[in-house]
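Work through the exercises below with the model open. Each task is followed by a stepwise solution.

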Amino acid sequence: MMLALEEANPIEMLRQFCVYLNADLIEDLGAATLVLDNEKGKGRISIYELIPGLSAWIYDIVLEEELEIKAHFSKEKCYYFGYNLVGSQLQKFPEEAEYKKLHQHQNFIIISKPGEVSHFVVPKEIPYQCCYIIVNPKEMLASNIHSKTKLAQQLIETFEDTANDQMYRYFGDIDMRTRTYADILVNNTRTDIVGRLVTEAAVLNTLGSQIEAHDQDTQTDNFRPELTKEELFKISEMGDYVLEHISEKLNLRELSDHLQIPAKKIQAGIRFLYGCSANDYVTRLRLEKAKELMQTTAKNISEICYSIGYQSRSYFSKKFQETYGMLPSAYKSTLTKDRLFYEISYRSLAVPSIQEGDVDEIVQRARQNNLQFNITGCLIYHRKIFFQLIEGNKHDILSLYDKLCQDHRHTDIQLMWKGHKIKRDFDNWSMATLTDEKGLNVKVQGDIQHIELGNVLGNLSQNSLASESLWRKVRNTIKTSDSSGR
Ligand SMILES: Cc1cc2nc3c(=O)[nH]c(=O)nc-3n(C[C@H](O)[C@H](O)[C@H](O)COP(=O)(O)O)c2cc1C
């Protein structure tokens, strides 16, 4: 198997994996997971985009065949920090004859250069757990978040001389300290508020630990936290309790009573996991909750401020700005000013009387209306089944969906996904359409190609047409093609 991987934003890249492995893709805001369960293998690859310019890739997978990845770097210089938790992989640059082995528990760093290529081989038939932290220092610097811009600056200074104008590769020592953090990163599958903070802290700790190891270039395997694994686990889950009591004043003694762990150990555990004090950790949870409330409710900022346990709005604003680089009001307006898009995907059954000509009529009308509301999307009609994805401003999408639900030309409407996303997938399409008769012309890696619906769907039984994963696959195939034109 050889996957020619084009460097792009993390979700686009993961989608390339999905199409290649015929896997399922589950997207969330700032995160996505590829789920593989077919003849090519089993497991998952998850990505998290923590802030612009800082993302993590986590592999937890067993492949039936060796997978060769030819990664083609196209963005500006990015730093790849890799760590194999279980298993090993191979790497080489194109001009090299032999692959080099990246061992289990070994730190490795690659600094890319636009236009260059690196080959990787993921082994077959053995469990493979690995994390990659990818840093684009320029993008991070632009994020305006003080703690992160400092980190980006540090990285640039550390690697300035080593990686001026060529690809840089560093294979470090076996490093057991990084292992503790990478272990948390790979094994945390929660994507809610608590899970996100665990991931973010584990990413920063893995990164910090790798940079330190790179700087010292010495073995650090005598590092052991004083806490037991069970205690660390309990502390990492403590966020749930805090969130349940988020509107109250919380103190360390109460947390200690609840967890049955001495307060001092809780402090040490939080410092180990998140690199901050217990107070700062609780503040961070409050602020994440505030962000979630802004995304998902119509509450105003004062209401949110009080509901997460702050008495003073100005203090809340100050903390928010320190953490996210912008005031709560500015963050809220990024959500409302069309900066975030809303997507609904569903499938439905056409009523028996519907002919292809009727579908043309639906599409024509849809395109006229959608242009007016700046709605884009894609409609597939296959053997009496509609699949549609619509995207745009949340209010407009919800009201179109209401209309669609009342349309008598289809029945059995099943919602597959609804939620926010940062970017449209069908920017240039007021309604891209794929039908059995016509197929669709799309641009794939620069060339116009004709997609036949039958090729996308394969030989299907009526049963598999009802499966959600099939429609996700269709959606990913079309999204992977550069949907420009028409
Ligand atoms: C499968 C299907 C997909 C549709 N897609 C859209 C669409 O994307 N946009 C739209 O405005 N109407 C769409 N419609 C039509 C709406 O249900 C509704 O009839 C139409 O928006 C009413 O438009 P009007 O108010 O201009 O008469 C679709 C209908 C069906 C059956």
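**Exercise 1. Find the side-chain N or O atoms that the ligand's oxygen and nitrogen atoms approach in this predicted model.**

Solution.
- Step 1. Start at Asp407. An N or O atom in the Asp407 side chain lies 2.6 Å from a ligand oxygen.
- Step 2. Go to Arg409. Here a ligand oxygen is 3.2 Å from a side-chain N or O atom.
- Step 3. Turn to Gln388. The partner on the ligand is a nitrogen, at 3.0 Å from an N or O atom of the Gln388 side chain.
- Step 4. Apply the cut-off. A polar contact needs N or O atoms within 3.5 Å, so the pair at 2.6 Å with Asp407 qualifies. The 3.2 Å pair with Arg409 qualifies too, as does the 3.0 Å pair with Gln388.
- Step 5. Add the burial. The free ligand exposes 620 Å², and the protein buries 82% of that.

**Exercise 2. Describe the shell around the ligand: how many residues, of what kinds, and from which elements?**

Solution.
- Step 1. Count. The ligand is surrounded by 15 residues. Arg365, Asn369, Asn370, Gln388 and Asp407 are the closest.
- Step 2. Sort by kind. Seven are nonpolar, four polar and four charged.
- Step 3. Assign elements. Helix 13 (356-373), strand 16 (385-392) and helix 14 (394-405) each give at least two residues. Helix 13 gives the most, with five.

**Exercise 3. Locate the largest cavity and characterise its lining.**

Solution.
- Step 1. Search the whole structure. Four cavities of 30 Å³ or more turn up.
- Step 2. Take the largest. Its space is about 230 Å³.
- Step 3. List the lining. It has 18 residues; Leu5, Tyr59, Tyr80, Phe120 and Tyr132 lie nearest the centre.
- Step 4. Sort them. The lining holds 14 nonpolar, two polar and two charged residues.
- Step 5. Map the elements. Those supplying at least two lining residues each include strand 1 (2-6), helix 1 (10-21) and strand 5 (54-63). Strand 11 (117-122) and strand 12 (128-135) are also among them.

**Exercise 4. Why is the pair Phe108 and Phe171 classed as it is?**

Solution.
- Step 1. Count the aromatic pairs. There are 17.
- Step 2. Check the geometry. The ring centres of Phe108 and Phe171 are 6.4 Å apart and the planes meet at 70°, so the pair is edge-to-face.
- Step 3. Place the residues. Phe108 sits in strand 10 (residues 106-111) and Phe171 in strand 13 (residues 168-174). They are 63 residues apart, so the pair links distant parts of the chain.

Technical notes
Residues numbered from 1 in each chain as written. Predicted model: local features only at pLDDT ≥ 70, side-chain atom pairs only at ≥ 80, totals over all residues. Heavy atoms only, no water. Near = heavy atom within 4 Å. Polar contact = N/O pair within 3.5 Å; in protein donor to acceptor, adjacent residues only side chain to side chain. Areas by Shrake-Rupley, 256 points an atom, 1.4 Å probe, with all protein chains shown as cover. Helix = DSSP H or I, 4+ residues; strand = E, 2+ residues; numbered from the N terminus. Nonpolar A, V, L, I, M, F, W, Y, C, P; charged D, E, K, R; others polar. 1 Å grid on protein atoms, 1.4 Å probe; cavity = no way out; pocket = protein on both sides within 12 Å on 5 of 7 lines; lining within 4 Å. Points joined across faces, edges and corners; volume = space filled by probe spheres on them. Phe/Tyr/Trp six-rings, centres within 6.5 Å; stacked < 30°, edge-to-face > 60°.
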